[in-house]
Amino acid sequence: MVRQAALAALALLPLSLGQVTVSEDFEGGWDESSWPTYAPDCNQGGRVSLDTSTAHSGRNSVRVDGAGGYCGHMFFGTKNVPNGDIYVRTWLKASRAFTDAHVTFITMPDPAQGTNKHLRIGGQNKILMYNREVDDATLPDLSPQGVASSAPLPANQWVCFEYHLGPDGSIETWLNGNPISGLAVGPGVSNPNGGQWQRSSIKPRPTAVYFGWESYGGDSNTFWYDDIAIGSSRIGCESGGGSQPPASTTSPSSPSTTAGATTTFLTTTTPAPNEPTQTKYGQCGGNGYAGPTLCAPGSSCSKLNDWYSQCL
Ligand SMILES: [Ca+2]
C-alpha cells in the first residue's frame, strides 16, 4: 500500500521531475560508494580506474581493463535504478571491436531469472546482442539474418549507447540515437530475429546496472564509460548529463540507403586534402552516422548493414 501511495504521488508530479535518477559525468572523480565495483564470481585481472586522459565530457571517464577468460571480468555500476521503465544512456569507447567470441560490457542482476542470474548486453559474431544468462538465449538470433539485424560496436571512438527495458518485457536499443531493429522485442514489436529470446516469457527486472567487461573466451578489451544517465523515460544522447558530441567537421555525404541498395557499398574516392578520413576498421557510414565517410588510403568503405559501414 505504501508503495502504491508513493507511486500515486509520483504520478501527480510534473513529468519533468523524477525522470532521471542517475546522471554522472565523473568530473568530480569516481565515487566508489555510489559506483562500486562488481565481480560476483571471481576476479583475476580486471581493473577499474578513473582516467583523466580521455573523456566524452570534461576530462574524466571511468576505464575498465578487462582481461581474457571468465575470471578476468570486472564491472562498476549502480543499484539506483527506477521501478517500471528503465532507460539507460551511456557514452562509451571500446578499444577493440568485437570478435566472434561471446563477451559482455553491461551486466544486470536480474531476479526475474533467478538468484545470481544476469541480463547481459555484449557481443558475439562481431555484433551487439543481449544474452539471458538463465537459458543462454540471445537477442537477436545468431543466424545470418539475425546478425545482419544488429550492428557492430565501433572501436576507438565515443559512441552513445541507449537502451530501454519495459516492465512488459519490451526491449529497445539505440546506437548514436538510431534504433537497432534486431535489438528490440515486446508487445507490438515484430522482430523476425527474436525467436530465441521470446521462447521464454521472462520479463527482465534488473536491480542494478554494471558497466565493464566479461569474456567467456580469451578476448580482452578496455572500455571507457562517461556521462551515464539512468531514468524512467528516454534520456537521449545530449541531455541528462554530458556535453555535446564532438563537432563533425564534415557534413555527412549520406551513403545511399535507397530501397534495394543491398550490394556492398564501396568508396574508392581519393580524399581531398584536409578532408577528414576514417582510419582502417573505423566506421564510415550508416543511418544517422555523421562522421568521416572517406577511408584512409589503403582501405575502402564497405557497407555491412544499413547501420554500419566500415573502412576495410
Ligand atoms: Ca566526464
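**Disulfides, calcium and a sheet in a predicted model**

Cys160 and Cys237 form a disulfide, with their sulfur atoms 2.2 Å apart. Keep in mind that this is a predicted model.

Biologist: How many residues apart are Cys160 and Cys237 in the chain?

Modeller: Cys160 sits in strand 11 (residues 159-165). Cys237 is in the loop between strand 15 (221-231) and strand 16 (277-278). That pair links distant parts of the chain, and the separation is 77 residues.

Biologist: And are Cys160 and Cys237 buried or exposed?

Modeller: The cut-off for buried is under 20% relative accessible area. Cys160 and Cys237 both fall in that class: buried.

Biologist: Which cysteine is joined to Cys295?

Modeller: The structure holds two disulfides. Cys295 lies in strand 18 (residues 294-295) and its partner in strand 20 (residues 308-311), so the pair ties together parts that are 16 residues apart in sequence. The S to S distance is 2.1 Å, and the partner is Cys311.

Biologist: Is the disulfide of Cys295 and Cys311 left-handed or right-handed?

Modeller: Look at the torsion about the S-S bond, which is about -85° for Cys295 and Cys311. The sign is negative, so this disulfide is left-handed.

Biologist: Which residues coordinate the calcium ion?

Modeller: The donors sit at 2.4 to 2.7 Å from the ion. Along the chain they follow the spacing D-x1-E-x29-S-x2-N-x165-D. Ser57 gives both O and OG, and Asp226 is listed with OD twice. The full set is Asp25, Glu27, Ser57, Asn60 and Asp226.

Biologist: Is Glu27 buried, partly exposed or exposed?

Modeller: Glu27 is in the loop between strand 1 (20-24) and strand 2, while Ser57 is in the loop between strand 3 (47-51) and strand 4 (61-66). Ser57 has a relative accessible area of 5%, so it is buried. Glu27 has 32% relative accessibility, and buried means under 20% while exposed means over 50%. Therefore Glu27 counts as partly exposed.

Biologist: Now the sheet: which strands stand at its edges?

Modeller: Seven strands form an open antiparallel sheet in the order 2-5-14-7-8-9-10. Each edge strand has a single partner strand, so one side of each is left without a neighbour in the sheet. Those are strand 2 (37-38) and strand 10 (137-139).

Biologist: Which residue of strand 8 does Met108 stand opposite?

Modeller: Strand 7 (residues 103-109) pairs with strand 8 (residues 118-124) in the antiparallel sense, over six bridges. Opposite Met108 stands Leu119.

Notes:
Residues numbered from 1 in each chain as written. Predicted model: local features only at pLDDT ≥ 70, side-chain atom pairs only at ≥ 80, totals over all residues. Heavy atoms only, no water. Pairing = 2+ DSSP bridges. Helix = DSSP H or I, 4+ residues; strand = E, 2+ residues; numbered from the N terminus. Disulfide = S-S within 2.5 Å. Buried < 20%, exposed > 50% of the residue type's maximum accessible area, 1.4 Å probe, protein only. Donors = N, O, S within 2.8 Å, 3.2 Å for Na, K, Ca; no water.
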